[in-house]
Amino acid sequence: MKRFKKVIAAVLTAVIAASLLAGCGGSGDGTDKRIVRIGHNQSSTHPTHIALTAFEEYIEENLGDKYDVEVYPSELLGSQTDMVQLTQTGAIDFCVASNAILETFSKNYEIFNLPYLFVNAEAYHAVMDDTSITDQLFKSTEKAGFEAVTWLDAGTRNFYTVDTPIESPADLKGLKIRVQQSPTNVEMMRLLGGSANPMGFGDVYTALQSNIIDGAENNELALTDNGHGDICKYYSYDMHQMVPDILIGNYEFLNELPEDERAIFEEGFKIINTVEREEWTKAVDAAKERAENEMGVTFLYPDQEPFVEACQPLHETVLANNPDIKPIYDAIQEYNAKYADAE
């Protein structure tokens, strides 16, 4: 199946690139509409796809005589890395990218990989809604050929394991935990006492099933949408990361839009954010209910403070190595102080 998807992605990528090189960016219905292609790696039932479909409808309602928006889910246009590269070149116009990938283009994105950066979801959302903070991140990749246009809530990342309840850092000792392929995440696991196993997300289920790893870390949807709850029976809300997904757009396309059309697109980006966050809340509630009642997953709520203390040296190291993000970090701490008592 994975090989089949790669073949399809390669064919689609070649077709798209060929059509653009030939100057055939128009719609296939015989009109001169400009096709706007958007790719992402989630299913067609995921909050991300639902939000992008709402964007498609809004743009076509308001600019349907000029644009035909096409949304490609489930890595149909390739992996996230592939899609970012296609967005850079203009072969596609938008894609959803992970923070880890964007970090390779701008070190400013490194800040979101810091564990325990936000005291709670309220502080996280407030920071991401503050354009005085996000603009300096979103525009930092312009020279790479793209810029971020909005953020998508990916919830909180927490540890989940096959048969070991994680209620303190000591419980992670000796456990092999899959993490995202980032040096920051590897160091986080070292500080918490576990053994980091970086690997692609698509390989996690098999690795859990074959006991290559003892657990992983992600949001609740990984339990249900990806079947990890069939194997992992403990999900621990240590809330070590709140990392947004980012919708990026080709810089040239965005900046060649007439002012009135750009305003409509900007409103569409706001719709994406609003719809995705609403759908995310519903999806998490449904995932928790299914995981607990149908898959037998136990949800744990450990004291977060020992985890926070263990990871504090990582904050100091990252800030020392990348002083450019210190103002952003300080602004986040102000929001943390403001929302520290939020429930």
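Trainee: What makes the approach of Asn120 to Glu122 at the start of helix H5 a polar contact?

Mentor: A side-chain oxygen of Asn120 reaches to within 3.3 Å of the backbone nitrogen of Glu122. A polar contact is a pair of N or O atoms within 3.5 Å; within protein, one must be able to donate a hydrogen and the other to accept it, and residues adjacent in sequence count only if both atoms are side-chain atoms. Bear in mind that this is a predicted model, where local features need pLDDT of at least 70, side-chain atom pairs count only at pLDDT 80 or more, and totals for chains, interfaces and linings use all residues. Residues are numbered from 1 along each chain as its sequence is written, and side-chain values use heavy atoms, leaving out hydrogens and water.

Trainee: Which residues of H5 are buried, and what do they pack against?

Mentor: H5 covers residues 121-128, and its buried residues are Ala123, Tyr124, Ala126, Val127 and Met128. They pack against H6, S4 and H13. The H and S names belong to DSSP runs, numbered from the N terminus: helices (H or I, at least four residues) and strands (E, at least two).

Trainee: Why does Arg262 count as buried or exposed?

Mentor: Buried means under 20% relative accessible area, exposed over 50%, partly exposed in between (1.4 Å probe, protein chains only). Arg262 has 17% relative accessibility, so it counts as buried. Arg262 belongs to helix H11 (residues 259-293), and its side chain makes a polar contact with that of Glu266 at 2.8 Å.

Trainee: What does Arg262 touch, not counting residues up to four places away in sequence?

Mentor: Arg262 touches Glu147, Leu254, Asn255 and Leu257. Contact here means heavy atoms within 4.5 Å.

Trainee: Why are H6 and H13 described as roughly parallel or antiparallel?

Mentor: Angles under 35 degrees count as roughly parallel, over 145 as roughly antiparallel, 65 to 115 as roughly perpendicular and the rest as oblique. The axes of H6 (residues 131-138) and H13 (residues 326-339) cross at roughly 150 degrees and come within 10 Å. Therefore H6 and H13 are roughly antiparallel to each other. Axes are lines fitted to C-alpha atoms, for helices over the stretch in contact, with angles from 0 to 180 degrees between N-to-C directions.

Trainee: Which residues meet there?

Mentor: In H6, Ile133, Gln136 and Leu137 meet Ile328, Ala331 and Tyr335 of H13.

Trainee: How do you know that S1 and S3 pair?

Mentor: Two strands pair if DSSP finds at least two bridges between them. S1 (residues 34-39) and S3 (residues 94-97) have 2 bridges, in the parallel sense. Ile38 has Phe94 in S3 as its bridge partner.
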